[in-house]
Amino acid sequence: MNNLPVFDYEDIQLVPNKCIINSRSEADTSVKLGEHTFKMPVVPANMQTIIDEDVAEYLAKNGYFYVMHRFDEAARIPFVKKMQAQDLIASISVGVKDYEYAFIDALKAENAVPEFITIDIAHGHSDSVIRMIQYIKEVIPETFVIAGNVGTPEAVRELENAGADATKVGIGPGKVCITKVKTGFGTGGWQLAALRWCAKAARKPIIADGGIRTHGDIAKSIRFGASFVMIGSLFAGHEESPGQTITKDGELFKEYFGSASEYQKGEKKNVEGKKILVPHKGALQDTLTEMQQDLQSSISYAGGRDLESLTKVDYVIVKNSIWNGDSI
Ligand SMILES: NC(=O)C1=CN([C@@H]2O[C@H](COP(=O)(O)OP(=O)(O)OC[C@H]3O[C@@H](n4cnc5c(N)ncnc54)[C@H](OP(=O)(O)O)[C@@H]3O)[C@@H](O)[C@H]2O)C=CC1
Ligand SMILES: Nc1nc2c(ncn2[C@@H]2O[C@H](COP(=O)(O)O)[C@@H](O)[C@H]2O)c(=O)[nH]1
C-alpha cells in the first residue's frame, strides 16, 4: 500500500495526441451502461439538493442517465410507475435497512421493477450491502445494480462477486463531505489514485463519485478507469435544482447539503456532511451542454473520436500546479 502512487485530479495533466477529427462536434461522448446508451458518462449525484422528480424526468427525456435519491421513501414506487408509463428509464436508490427488503418485494409485486437500482450507503464494503445485492438479484434479476460506496480493490471485487453490475468508488472526496475530518478515513485528496487502484481490479463498470471540480476532471476519471462519473457540487445551484434559493448581499444562492448532514437527517447523529451555499448558476441544460462540449474537446486532444480514446492517453503528474495560481 505504501508504494501506491497517490495523486488527485489537480495533480494530473493528460498529454495530447494528434487530432483526427475536423470538428469537436464529431467527437462521440455517448456511453453504454447495462442495456442503455446515454449522451455522456456523467450522472448528477443522488442527493436531495441535486435531483428531484422533475430533474429526473428532464434528464431521462433528454438522454442523460440519472439516479433518483432515496430520501422520499414512499414516493419511490409511484415514481417508477410514472417514469415507465412515459417509456422512460426508472433509476432509483435504496439503503440497506430491514424495511428495504420489503420494498424490493413490493417493486416486484406491484410490477414496478426499475431498470437501475443504486445501493447508496456510506461504507459500501459491508455484509449489509452484499446481502442487499444478493436479494435484489434474487427477486428482480433484470435490474442493473450499482453498489457503493467503496474505496479499495477488495471492496470492488467483493461487491462484483456478490452480483453488483457496477460499483461506485469514493469515500469522502465530496464537496459537502466531512467524513475525512470526522473519521480520518477515505479517498479525499487521492480520489483519482483510488479510482485507478480500484479500476485495475474491476471487471465491471466503475462510477467515480465525488471530488469532480472541473469539466476536465471527467476526462481524467475516464483515463483512470471510470465508465461514469457522479457529480454533486457542479450540478448544485441551478434554476431547476431542488433546495431553497437564498439572497445574500443582493446575490442569489442555492443550498447544497450532504446526505449525511443534519439538514438531511433532521438530527445531529452520525453527521458526516455539511451545508454550503452555491452561487445561482442559471439553467441546468447550459451546464450539461458545456460539459458535453468540453468532453468532446477532451476527446479531440486525446487524438480520437470517442470516449475509448481517453482511456489510453499518457499523463504527467504536476503536483498541485495545474492552476498556476489561477482560478477558473
Ligand atoms: N460517499 C461518501 O463518502 C459518503 C456518503 N454518504 C451519504 O450519506 C447518506 C447516508 O449514508 P449512511 O449513513 O450509510 O446511510 P443510512 O443512514 O441509511 O445507514 C445505512 C445503514 O448502515 C449503517 N451504517 C452506516 N454507516 C456505518 C458504518 N460506518 N459502519 C457500520 N454501519 C454503518 C447504519 O446504521 P447506523 O446509522 O446505526 O450506524 C444503517 O443501518 C447516503 O446517501 C450516503 O451516500 C455519507 C457518508 C460518506
Ligand atoms: N461524506 C459525505 N459524502 C457525501 C454526503 N452526501 C453526499 N456525499 C457524496 O458526495 C458526492 C458528491 O460529491 P461532489 O464533490 O461532486 O459534490 C455524492 O455523490 C456522495 O457520494 C455526505 O453527507 N457526506
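Is Phe-7 buried or exposed? At 1% relative accessibility, Phe-7 is buried. The views below come from a predicted model.

**View 1. Phe-7 and Tyr-315 form a tilted aromatic pair.** The ring centres of Phe-7 and Tyr-315 are 6.5 Å apart, and the planes meet at 40°. Phe-7 belongs to the segment before strand E1 (12-14). Tyr-315 belongs to strand E14 (residues 315-317). The pair therefore ties together parts that lie 308 residues apart in sequence. Phe-7 is buried, whereas Tyr-315 is partly exposed, at 24% relative accessible area. In total, the structure holds 13 aromatic pairs.

**View 2. Trp-190 and Trp-197 form a tilted pair.** Their ring centres are 6.1 Å apart. The planes stand at 45°, so the pair counts as tilted. Trp-190 is buried, with 18% relative accessibility; the cut-off for buried is under 20%.

**View 3. Five Phe rings join in a cluster.** The members are Phe-38, Phe-65, Phe-116, Phe-144 and Phe-228. Ring pairs make the links. Phe-65 also appears in the next view, as a residue of the largest nonpolar core.

**View 4. The largest nonpolar core holds 99 residues.** Which of its residues touch the most other members? They are Phe-65, Tyr-66, Ile-104, Ile-119, Ile-133, Ile-136 and Ile-231. Ile-133 shows what such a residue meets. Beyond its neighbours within four places in sequence, Ile-133 is in contact with Ile-119, Val-145, Ala-147 and Leu-159. Ala-162, Gly-163 and Ala-164 complete the list for Ile-133. In soluble globular proteins, nonpolar side chains tend to be buried together.

**View 5. Two charged side chains sit over aromatic rings.** The charged end of Arg-223 is placed over the ring of Phe-224. The distance to the centre of the Phe-224 ring is 5.2 Å. Lys-275 lies over the face of Tyr-263. Here the distance to the ring centre is 4.3 Å.

**View 6. Ligand 1 is surrounded by 15 residues.** The closest are Arg-70, Asp-120, Ala-122, Gly-170 and Gly-172. How far is an N or O atom in the side chain of Asp-120 from an oxygen atom of ligand 1? The distance is 2.5 Å. Arg-70 also uses its side chain: a polar atom there lies 3.1 Å from an oxygen atom of ligand 1. Gly-170 takes part through its backbone, where a polar atom is 3.2 Å from a nitrogen atom of ligand 1.

**View 7. Ligand 2 has 22 residues around it.** Thr-179, Asp-209, Tyr-256, Ala-260 and Glu-272 come nearest. Thr-179 places a polar side-chain atom 2.7 Å from a nitrogen atom of ligand 2. Arg-213 has an N or O atom in its side chain 2.8 Å from an oxygen atom of ligand 2. At Ser-233, a polar backbone atom is 2.9 Å from an oxygen atom of ligand 2.

**View 8. Gln-48 lies in the loop between strand E4 (42-44) and H1.** Gln-48 is partly exposed, with 31% relative accessible area. Which residues does Gln-48 touch, not counting those up to four places away in sequence? They are His-69, Phe-71, Pro-242 and Gln-264. The side chains of Gln-48 and Gln-264 make a polar contact at 2.8 Å. Gln-48 and His-69 are 21 residues apart in sequence, yet their C-alpha atoms are 6.3 Å apart in space.

**View 9. Glu-57 is buried in helix H1 (residues 53-61).** Its relative accessible area is 16%. Leaving aside neighbours within four places in sequence, Glu-57 is in contact with Lys-82, Met-83, Gln-86 and Leu-88.

**View 10. Val-318 lies in the segment after E14.** Val-318 is partly exposed, at 24% relative accessibility. With residues up to four places away in sequence set aside, Val-318 touches Glu-10, Asp-11, Ile-12 and Gln-13. Val-318 and Ile-212 are 106 residues apart in sequence. In space, 18 Å lies between the C-alpha atoms of Val-318 and Ile-212.

Technical notes. Residues are numbered from 1 along each chain as its sequence is written. Chains are lettered from A and ligands numbered from 1 in the order in which they are written. This is a predicted model: local features need pLDDT of at least 70, side-chain atom pairs count only at pLDDT 80 or more; totals for chains, interfaces and linings use all residues. Side-chain values use heavy atoms; hydrogens and water are left out. Rings of Phe, Tyr and Trp (its six-membered ring) pair if their centres lie within 6.5 Å; planes under 30 degrees apart count as stacked, over 60 as edge-to-face and the rest as tilted. Helices (H or I, at least four residues) and strands (E, at least two) are DSSP runs, numbered from the N terminus. Buried means under 20% relative accessible area, exposed over 50%, partly exposed in between (1.4 Å probe, protein chains only). A charge sits over a ring if NZ of Lys or CZ of Arg is within 6 Å of the ring centre and within 35 degrees of the ring normal. A nonpolar core is a set of buried Ala, Val, Leu, Ile, Met, Phe, Trp, Tyr and Cys residues joined through side-chain atoms within 4.5 Å. Contact means heavy atoms within 4.5 Å. A residue is near a molecule or strand if one of its heavy atoms lies within 4 Å of it. A polar contact is a pair of N or O atoms within 3.5 Å; within protein, one must be able to donate a hydrogen and the other to accept it, and residues adjacent in sequence count only if both atoms are side-chain atoms.
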